[in-house]
Amino acid sequence: MGFVDILNVTKKFGNVVALDSVTLSIDRGEIFAVLGPSGCGKTTLLRIIAGLELPDSGKIIINGVDVTYEKPQKRRAVMVFQNWALWPHMTVFENIAYGLKIRGVSRNEIVKKVRWVLELVKLEGLEDRYPHQLSGGQQQRVALARALVVEPELLLLDEPLSNLDARLRIEMRDELRSLVKKLGITAIYVTHDQEEAMVVADRIAVMNRGRVMQVGTPSEIFSKPRDLFVATFIGRANVIRGVAEKIENGIVYAKVNDKLIVGLKSSEDLSIGDSVAIVLRPQFIKLGCRGDEDNIFIGRVLSSKAIGLLTEVKIDTSIGILTVAVTGLYQKDISGAVNICFDKENVYIFRYEEVSF
Amino acid sequence: MKISLEYKINRATFLFSEPFYIVSLFIPLTYLVIFLLIPLAIPLTELLKANPITIANYVFQNPRYISLNPIGSLIEVKNVVFGGRNITIAVLKGVSFGSIINSFIVATISTLITTAIGIAIALILSIYDFPGKNILRNLAIVPLFAAPFASGYVVKKFFDWRYGLLSYVINDVIGIPLRIGFESFAGVILSEVLSLYVIVYLNVSAAINSIDYTLIEQALNLGSSFRKILKDIIIPLSMPGIAAGASLTFILSIEDIANPIIFKEDRLIAYEIFRSFQDPTTGSRSPGALFMTILIILISLGVFIGIRRYVSYKRYAAITRGFKPLKPLKLSRKGIALVYLFILPFLLFASIPQIGVFILAFSTRWYEPLPEGFTLENFAAFVDDKIVFTAIRNSIVYSLTALAIIAFMSILIAYSSARIKGSLSYFLDTLATIPIAVPGIAIASGFFLLFTSPPFRGTLFDPVLFSPGTAITIAYTVRRLPFMVRAVYAGIQQTAVELEEVALNLGASRFKAFTSAVLPLMALHILGGTLVAFVYCLSETSVGVMLGGLKGVSVGHAAPITFIMQDYLETLYGTQIVGALGAILIILQVIATVTSSAILRGYVVIGVR
């Protein structure tokens, strides 16, 4: 049993199933990310944990207590909203002090605690400002400070960084993690940004269409995707259609355009003759390979595009057009012939299914 | 998946464990059931106590109510000697088919004309740009500011064939031997059109202005002509506004009591009900009056609920991202000429009642076509004439008391409509909206029947044995509630729900979260709604006129100003005072509307949401 247990929670809005028998267990002190595309039900799940929505069925247990029908104000699960929800008519101090006042904390104690949290989030000296007088990053910190100051048992973060620009987002996600870890708070972090989830969370639940697709550490999710959705949603991927020719000791030999690709059997129920989806991550494809081994194919460079530290090279191969990520600049001429290869341990072969986000 | 009974019970328990939910739902619900639903149901129960089939037979076979043999003539043209000269007079009157059919005819014709004019003005003022557009825009909303009885009196005065200004200009000034008049049904229709087209205009304008301009740009981009865009995009997307405006015009015109009184046309349903109050103890319980009251309630509510459903079905979801407001098109020279030849004269024409009220207020006498003298004496009567003074004091007391109740109820209703999902809050929202359509005369009848019967009989609610003040105040709260609910609701809608949720999340109770995190942000909306509701309470007509005089009108009476306006109208001494009272009401309405529209960024007018 975890610190937070979500048991078989289902929620419908009209005919739309927002959550479909969701079960999760979150440990004390853990930062747990719920990751998925828009409309997958992650915010609904967070709101149900906070008590702002009621589930149609299922239970929410926090610290061993069934709080499914408990009022939000009794749950000690404090939420940081996507739009931060700062009260525009209150100063930074008043915004942060609100929760303490509600709890009947003395004036002296309030001042002390607000000072402490302002220092924690590096906002000293801004207590008399109104939210509209702050930058986006400062507003985000006020929202976080307002939640932290009441020392919640559970911190719920609903895409807290999505309203920030890209640079600030990267800066804030590291800060956020170290702050929450420092205070030892259990946190549930909802995001649609896989990179953010990977950096911030101890564990991730990937959701799609109201269902939990996989739960694991960031590296497990990345390296051992349980299905085609997770494999394609997390990280970039080349997906090639083929047919399973042979399956042996967890290794699948899939035929694509009369060529064989060898990779890991990633669907339990995969059988010979099944239509398969072969997932190849761009960073695991190597260029300029030689020899006569498995998974070596000849290709022709179609284009190359430098993106930051990487160059994205598109290569037309005998198994289809593939995107390859190369570290540094790629100098080869366009239309030049090139061999590509990849290790079978980095190839995931799933039974083919339509994936929609 | 079927939701189990256990979860339904748990959910209900969860909702009702919130004291603020219970308060915001059940206090207004109880109030509206007692003071809206029961008064509306009483005429029906009274009718059922009698023999409803016999009464229906009596009504349907009585030529006073329904007759297929029309009486009178549509237009009366005759040659007469007037002022020593031979002239032709043409008086538009209308024929009578009995009160019920007459009311339908008057309301239908008023609606058709009003809708056509309202749509035309809305289209031109919303879609086109031309010199002087803002002046026309301001002129178009002038009929929004009405002075009960005084405005209608001016219309009657202007179109009277003997002493009217129109005939004076045609016959005496220009010298054409013709005098034109509007009387009876035609007079009522004319007055309705001049005052009600603004409802259609504002509803249609709002609908047109909510059309995303990219939809029109896309059609232009695909090669569509403007005429086709009008037909295929603008009109269909404005249909909810057109339907709402037209149906409200129909309801307001069928229930209107002031114009039939002014034009002395008693062969209409509204007048039949009003007349029954001339002898309230027997009249209001007469089978004919009960039947008419029920009929007018059913017509109004039927039309209103029907149109509300239609509008909610036709409310198109915003599928485009962002919103680009309409970019006005340049009007061609021919178009500008047409606007100045037809629209401007009509708008000036429609402003005659308001202009006339001020002339009436500042003149010593206005009997002949032209007013005589200039005086401020008519305003001095507000203090000097004890009856008028008391009426003003009564109106202010009733309106302020009503306002406190309206503000309290509106906040609760708007909160529960916005925050509580479920059939009960939807029912409350509907209940708070329908007073827009409920005829004031039906409320007056219902209140009279309710408050003169046990357990209210003899209490402070009883308008005969105690005073009509309480009943009038409560009637104001019910009738003017929708204006304020709408303003407050808009305030809640514009306040992100997360601001309240985060307070709950931090441990505040719902009441505390609402009062500390939401209410301060809605203060301006409440103020805007309050201003509008206050002036509309002051100018409330039907209930004031029907219940105001139940204790008689002597010194220390309990009647509001609208009753006195009806009582003083067309008396030798009082007509100018009615004008002065009307002028003050118009000024107050202008101030409230301008202030609240600045606050709320839009007019608080009746519409269907």
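1. A helix here is a DSSP run of at least four residues, numbered from the N terminus. With that in hand, a small example from chain A of this predicted model: A:Glu109 and A:Lys112 pair in a salt bridge, with their closest N and O atoms 3.8 Å apart. Both sit in helix H3 (residues 107–120) of chain A, and because they are 3 residues apart there, about one helical turn separates them. Over all chains, the count by this rule comes to 35 salt bridges.

2. Next, the interface of the two chains. On the chain A side 34 residues are in contact with chain B, where 29 residues take part. The size of an interface is often given as the accessible area lost when the parts come together. Between chain A and chain B the buried area is about 2,800 Å², and carbon and sulfur atoms give 60% of that. If you would like a few residues to look at, try A:Tyr69, A:Gln73 and A:Tyr98: they supply 21% of the area that chain A buries against chain B, more than any other three residues.

3. How many salt bridges does the rule find across the interface of chain A and chain B? There are 2, and one of them joins the side chains of A:Glu53 and B:Lys421, at 3.9 Å from N to O. The interface also has 7 residue pairs in polar contact, with both residues at pLDDT 80 or more.

4. Several elements of chain A build the side that touches chain B. Strand S1 (4–13), helix H1 (42–50), strand S4 (57–62), strand S6 (77–80) and helix H2 (92–102) each supply at least two residues to it. Sorted by class, this side of chain A has 18 nonpolar, 8 polar and 8 charged residues.

5. Chain B offers a helix pair to look at. The axes of helix H25 (residues 561–568) and helix H26 (residues 575–600) of chain B come within 8 Å and cross at roughly 145°, and the crossing is left-handed. From H25(B), the residues B:Ile561, B:Met565 and B:Tyr568 meet a set in H26(B) made up of B:Thr575, B:Ile577, B:Val578, B:Leu581, B:Gly582 and B:Leu585. By class, this contact has 7 nonpolar and 2 polar residues, and no charged ones.

6. Two backbone details are also worth a glance. In chain B, a cis peptide bond joins B:Pro454 and B:Pro455, with omega of about 5°; B:Pro455 lies in the loop between helix H20 (440–451) and helix H21 (468–493). In chain A, A:Asn63 has a positive phi of about 50° although it is not a glycine. The loop that holds A:Asn63 runs between S4 and strand S5 (65–66) of chain A.

Definitions and conventions
Residues numbered from 1 in each chain as written. Chains lettered and ligands numbered in written order. Predicted model: local features only at pLDDT ≥ 70, side-chain atom pairs only at ≥ 80, totals over all residues. Heavy atoms only, no water. Contact = heavy atoms within 4.5 Å. Buried area = accessible area lost by both parts, 1.4 Å probe. Salt bridge = Lys/Arg side-chain N within 4 Å of Asp/Glu carboxyl O. Polar contact = N/O pair within 3.5 Å; in protein donor to acceptor, adjacent residues only side chain to side chain. Nonpolar A, V, L, I, M, F, W, Y, C, P; charged D, E, K, R; others polar. Axes fitted to C-alpha atoms, helices over the stretch in contact; angles between N-to-C directions. Left-handed = near helix turned anticlockwise from the far one by under 90°.
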